[in-house]
Amino acid sequence: MNLKGKWRVGRIVLLLVLMLAVCLAGFGCVKGLAPIGWSGGSISDNTLFVGTREGRLVAINLADESRLWTEPLKKVGQTGLFGCSPIMGGGCGSGSAGVAIYGTPVVYGELVYIAGYNGKIYAYNTTSLALRWVYPRESNLNPFVGGIVISGDRLYIGGEDGKVYALDAATGDPVWEFQTDDKIWGTPTLYDGKLFIGSFDKKLYALDAADGSKEWEFLTEGSIIATPLVYNDVVYIGSFDRNLYAVNVSNGSLKWQFMANNWFWAEPVVVNDVIYAPCLDNYVYTIKEENGAKIDEYELGGPVSSRPVVVNDSVIVATTKGVVYSISMTTKEVSHLADFEQDVDGPLTEYEGIVYIHTPDGSLRRINAATGAILRPISLESQN
Amino acid sequence: MNPWELIIQQPVTNVLIVMSHYLGDSFGLAIIALTVIVNICMFPLTLSQIRSSKAMQDLQPKIAELQKKFGKDKQKLTQEQMKLYKESGVKPAGCFITMVIQMPVWIALYQSIMLALAVAPEGLLNLSKYLYPWPIVFSVLPLDRSFLMLDLAQPNFILAILVGASMWLQQKMSTTIPSDPRQAQQSQMMLWMMPMMFALLALSFPSGLSLYWVANSVVRVVLQYRVTGWGGLRRKPAETTADTDKKYVKFDESGEKKSVDDVGADIVISDTDPDRKDIYQPSKPSKARYQPGKDRAQRRRKK
């Protein structure tokens with residue numbers, strides 16, 4: 001091949017490489033292609049535990065802001081030719097650098113527990129973050145998006161394989177499993193010996209926490225992702241059919257339902273018999289606990305997918321756009337607290353009047369709920 | 001929501017979700033059906049593109065001859081090429097413009113598929129802001145990702161092979177290998193590189209996207225077949241034009257006056273091996289060849 005021919009071939013190769021780059025960049029335009037994670041924080045003994053975007057569990061001493069990280073959770077499964085497969089904790093572009101962690105860590109005794117998108121559940125020592133056990137030990141289950149609950153030395157979690165798992169919290173040995181008809185992304189709730197969990201199969205299940213037998217099921221018209229809230233013997237659960245349902249704990253019968261304009265994704269909170277239900281239609285609804293009548297609605301200019309927190313006489317809510325509001329329970333007024341200009345999808349955490357918000361830029365944002373003062377963020381990245 | 005999302009992405013996404021519901025909750029069938037429907041809607045543009053492309057290919061031998069003739073004089077070459085295009089009624093930019101018009105539609109379709117597929121939890125959350133307030137849309141989500149034993153959210157090797165094969169088939173049908181060895185080499189490279197590149201991409205992205213690529217290529221193959229037949233699958237490089245072995249200029253013996261538009265229409269050109277002895281070749285090709293303007297002037301003088 002002469003020089004001119006080589007030059008032409010070179011140009012073609014260059015053109016193809018450019019096209020490939022444009023294609024890859026274009027594919028990144030669709031948000032949500034790769035898992036990032038939205039782990040909330042949990043606090044015990046002045047230490048905050050949170051899952052990071054690097055796929056690690058970090059323990060932050062809130063007194064001196066010193067941090068301690070675990071080893072990154074191990075990626076598994078297909079990652080695609082360019083490492084771009086969004087499955088099983090791999091990621092590319094704007095995705096997570098490590099295994100995505102969605103569930104909030106849970107502290108129980110001397111152990112802290114976390115479940116990863118790689119389909120494994122981990123138990124670490126709270127002080128040293130040394131790994132105590134992992135389940136399953138060898139292989140991997142389907143990804144975990146929902147969080148863990150623990151009671152009576154038992155750990156409960158739902159997985160993308162549609163199974164509810166009960167493990168021995170001390171050893172990680174399986175105790176029982178319950179199969180639903182579709183994926184589970186929600187976190188279960190324990191109340192009076194019953195485990196409540198929603199599934200993509202549109203059902204809310206009430207299981208006997210002791211043996212995993214089904215006590216009743218409640219069918220909605222949409223998939224369920226939200227975490228159930230139990231209050232005064234009633235389960236409150238949001239569904240993709242745009243309804244918030246109130247279901248009797250004893251027999252699974254419908255008490256009332258409240259319809260909004262989009263999905264109820266986040267778990268509501270209840271204060272003084274009033275339910276504060278955040279919705280993806282940009283509103284937070286206040287609803288009477290006893291009959292489901294709407295008391296008020298607060299337009300926040302963005303969808304709310306994170307669980308609010310109650311601080312003194314205010315409900316602190318963050319929209320997915322990163323704007324934080326305070327809704328006063330006494331004056332019913334909404335006040336703007338902060339705009340982080342970052343996605344906020346995970347639950348908020350409150351400790352001693354400070355609200356902690358995990359943002360995708362790998363930092364933990366802090367707001368003083370009483371004064372609205374924004375405190376210096378804490379980096380969750382192990383490299384910083 | 002920006003105008004692009006509001007006008008293009010949102011409607012396509014909602015239509016895709018509703019179609020999925022009416023096709024037995026099968027997202028795979030919805031992808032295929034929407035790809036076919038969009039192709040039908042764009043049929044006039046596609047037809048124009050195929051025809052322009054074919055006309056361009058048919059002119060390749062003549063362009064090659066012009067390149068040989070005016071290779072050193074770029075300005076003259078451009079003029080002659082433009083003249084040839086004009087005389088043949090071919091718009092070189094037509095093919096490109098049609099592609100540019102179609103591109104946003106394909107991008108929207110791709111984005112909608114990826115949105116509706118909602119591979120990661122963030123994707124499903126993001127999808128909620130694109131939904132119309134139709135009860136059916138809310139209830140049917142999240143969509144069932146399984147289709148013919150495939151998980152549409154995961155890359156699939158077989159589907160990646162199908163992407164490459166169907167794309168190669170479509171390109172092969174629409175491409176004629178030029179007789180110029182240099183151009184033929186480039187053409188061959190493109191014929192293989194593009195399908196290979198897409199097959200590699202398919203290995204890295206959810207197979208729902210691969211399904212869309214395969215469906216699109218199959219529809220294009222059918223359209224191509226209906227318009228031009230098997231095209232490049234049958235033709236051989238040496239058979240790109242009829243009578244290519246002839247190396248002479250065929251003058252019109254009837255003496256009828258040709259219109260200006262007919263100039264060049266009666267030229268039969270070949271760039272086969274000039275050393276061949278079994279065919280007639282003028283001893284001084286430079287004099288015998290058709291020279292625009294000069295020959296016409298001679299013919300006028302004879303009359």
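Helices H2(B) and H11(B) cross in a right-handed sense in this predicted model. Their axes lie 9 Å apart and make an angle of about 40°, with H11 spanning residues 207-228 of chain B. On the H2(B) side, the residues that take part are Gly28(B), Ile31(B), Ile32(B), Thr35(B), Val36(B) and Asn39(B). Facing them from H11(B) are Gly208(B), Leu211(B), Tyr212(B), Ala215(B), Asn216(B), Val219(B) and Arg220(B). By residue class, this contact comprises seven nonpolar, five polar and one charged.

H2(B) also packs against H1(B), and it is worth turning to that pair next. Here H1 covers residues 3-22 and H2 residues 27-41 of chain B, and the two axes come within 8 Å while crossing at roughly 125°. Because of that angle, H1(B) is oblique to H2(B). The crossing of this pair is right-handed. H1(B) contributes Val12(B), Val15(B), Leu16(B), Met19(B) and Ser20(B), which meet Phe27(B), Ala30(B), Ile31(B), Ala33(B), Leu34(B) and Ile37(B) of H2(B). The residues of this contact comprise ten nonpolar, one polar and no charged. Ile31(B) appears both in the contact with H1(B) and in the contact with H11(B).

Stepping back to the whole chain, chain B holds 13 helices and two strands. Of its 303 residues, 48% count as buried. The accessible surface of chain B amounts to about 16000 Å², and carbon and sulfur atoms account for 62% of that area. Among contacts in chain B between residues at least 6 apart in sequence, 76% link residues separated by at least 24 positions.

Technical notes: Residues are numbered from 1 along each chain as its sequence is written. Chains are lettered from A and ligands numbered from 1 in the order in which they are written. This is a predicted model: local features need pLDDT of at least 70, side-chain atom pairs count only at pLDDT 80 or more; totals for chains, interfaces and linings use all residues. Side-chain values use heavy atoms; hydrogens and water are left out. Axes are lines fitted to C-alpha atoms, for helices over the stretch in contact, and angles run from 0 to 180 degrees between N-to-C directions. Helices (H or I, at least four residues) and strands (E, at least two) are DSSP runs, numbered from the N terminus. Angles under 35 degrees count as roughly parallel, over 145 as roughly antiparallel, 65 to 115 as roughly perpendicular and the rest as oblique. A crossing is left-handed if the near helix is turned anticlockwise from the far one by less than a right angle, and right-handed if clockwise. Contact means heavy atoms within 4.5 Å. Ala, Val, Leu, Ile, Met, Phe, Trp, Tyr, Cys and Pro count as nonpolar, Asp, Glu, Lys and Arg as charged, and the others, Gly among them, as polar. Buried means under 20% relative accessible area, exposed over 50%, partly exposed in between (1.4 Å probe, protein chains only). Accessible areas come from the Shrake-Rupley method with a 1.4 Å probe; for residues, only the protein chains shown count as cover.
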